[in-house]
Amino acid sequence: MNLHEYQAKKLFSEYGIQVPKGNIASSADEAKQVAKELGGESWVVKAQVHAGGRGKGGGVKRVSGIPELEQVVDQMLGSQLVTHQTGPDGLPINKVLIEYLSSIEKELYLGALVDRASGRIVFMASPMGGMDIEEVAANQPEQIFTVSVNPIVGLQPYQCRQIAFGIGLVGSQVKQLTQTMNGLYRLFVEKDLSLIEINPLIITTQEELLALDAKINVDDNALYRQPELADLRDPTQEDEREYRAKQHELNYVTLNGNIGCMVNGAGLAMATMDLIKLHGGEPANFLDVGGGITSERVVEAFKLVISDENVNAILVNIFGGIVRCDLIAEGIIKAMKEVQLSIPVVVRLEGTNVDRGLQLLDESGLTVITASDLSDAATKVVKEAGRVA
C-alpha cells in the first residue's frame, strides 16, 4: 500500500526526520490559509498522487503571491495528473501540499528497502538526488552506495558514516544523516514498511538536511497489525477493480487484453494467461479467486471481470482440490444468471466431483462452452474472443 507524500512526511516528523514546513489543502481557500500560516511570499504547490515524476508532469509548481497560488491550486485540484508512472489516464488530484520554499544547496538520494536475497533491510544513497535512481544505477553505478543492516544488531553508526562519506557529507551533516537514517530504520521496522525513499534529500544553504520529498510503501501483508496505516489508504489512487477485489479477498490485476480470466490459485492463473497468449489471445486480467472459493466470491469475480469494457470472452479455469467442482459449477450458474452475461464463457473444471459439475453446467440452460483440458479451453476462448471482436 502506498502513502501520499504528506502522510509520509507526518510519519517522518514523528521519527525525528526533518521535513519542510507545510500543510495539506483540498481547496484554494484552504491553500490560501496554509500559505498565510507559513508566511513569506513564495511557496511550492505539490499534487498528492501515488506516482513519481510529478515535477515533469506539472504536479509540482513554485508560486509567488496569493493570486498565483489560488490559480495554480484551482488548476490542479480535480484534474488528472499524467506521469511516466501513471499510464495515459493519469491519477486524480484531490489534495495538494503547500510547503515553505526551501533554499537548496545540494540534492541527494536516500532510500531503504527489503533485499529479498539476504532477508535484510538495505540502505541506498547517492550524491545524485533529484534524478531517477534507476537511471543512476544503470548508467553510473559507482554513484550508488549501500549498506546492509543485520537485524540482530540493527543499524550501526559506522554504517551511517560509511554512507555519509560516500555521498560527500562533512561536519555536522554526518551527524544529521545518522539521525535521519536511524529514524528511517525505526520507522521501517516498527511500521512494517517495504520501501522508503527521500528523493531529494537536500542540504540547505544553512547546512541542514531536509527531506524535500517522501515516499513510503507499506507491506500489505502486515496491515492487519498496522490499522492506523491501513486507514490512510486512498482508494481514488488505485485501480477501481483492484480495490473492489481486495474488499472481497480476491487477487485481481488489470491487464490490457480482451479475455477475462477467473482462476483459483496464482500458479494456475499465470499458466492460464500463458496458454491464452500461446494460442494468440490477450488476457484482460489476472484473477485468483483463492483455494477456498465460494459461490458468493464467484459472483463478485464475474462482476469484476465484466466491469472491464474490453472483455468480450471469459475463461473460467478451476481445479477442485479444496472445493468440489459441483459447488463451483453452482456458483458459476448463479453468477451468470445474476450478472446476465451476454459474452461467451468457456469453463474448464478438473478435480473432485468434476463429472457432476459439468453435468450441472450442461443442464443449466445457459450458454456455457466446456473444455476438456487447459489447452482446449485456451483454444476455444481465443476463438470466441476473435469471433466477438
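I began with a single pairing and found that Val45 has Lys61, in S3, as its bridge partner. I keep in mind throughout that this is a predicted model.

Next I looked up the strands around that bridge: strand S2, residues 42-47, pairs with S3 in the antiparallel sense, and I noted 5 bridges between them. I then followed the pairing outward and found an open sheet of 4 strands, antiparallel in its pairing, in the order S1-S6-S2-S3. At its edges I noted strand S1 (22-25) and strand S3 (60-64), each of which pairs on one side only. From one strand to the next, the twist averages 25 degrees.

I turned to the helices that meet this sheet. Helix H1, residues 5-14, packs on the sheet and touches S1, S2 and strand S6 (96-100), and its direction makes about 50 degrees with that of S6. Helix H3, residues 66-76, lies across S2, S3 and S6, and I noted that H3 runs at about 155 degrees to S3.

My last entry concerns helix H11 (residues 325-339) and helix H12 (residues 354-362), whose axes come within 7 Å and cross at roughly 20 degrees. Angles under 35 degrees count as roughly parallel, so I recorded H11 as roughly parallel to H12. The crossing in which H11 passes H12 is right-handed. Where the two helices meet, I listed Cys325, Asp326, Ala329, Glu330, Ile332 and Ile333 from H11, and Val354, Arg356, Gly357, Leu360 and Leu361 from H12. Sorted by class, this contact of H11 with H12 has 7 nonpolar, 1 polar and 3 charged residues.

How values were computed: Residues numbered from 1 in each chain as written. Predicted model: local features only at pLDDT ≥ 70, side-chain atom pairs only at ≥ 80, totals over all residues. Heavy atoms only, no water. Pairing = 2+ DSSP bridges. Axes fitted to C-alpha atoms, helices over the stretch in contact; angles between N-to-C directions. Contact = heavy atoms within 4.5 Å. Parallel < 35°, antiparallel > 145°, perpendicular 65-115°, else oblique. Left-handed = near helix turned anticlockwise from the far one by under 90°. Nonpolar A, V, L, I, M, F, W, Y, C, P; charged D, E, K, R; others polar.
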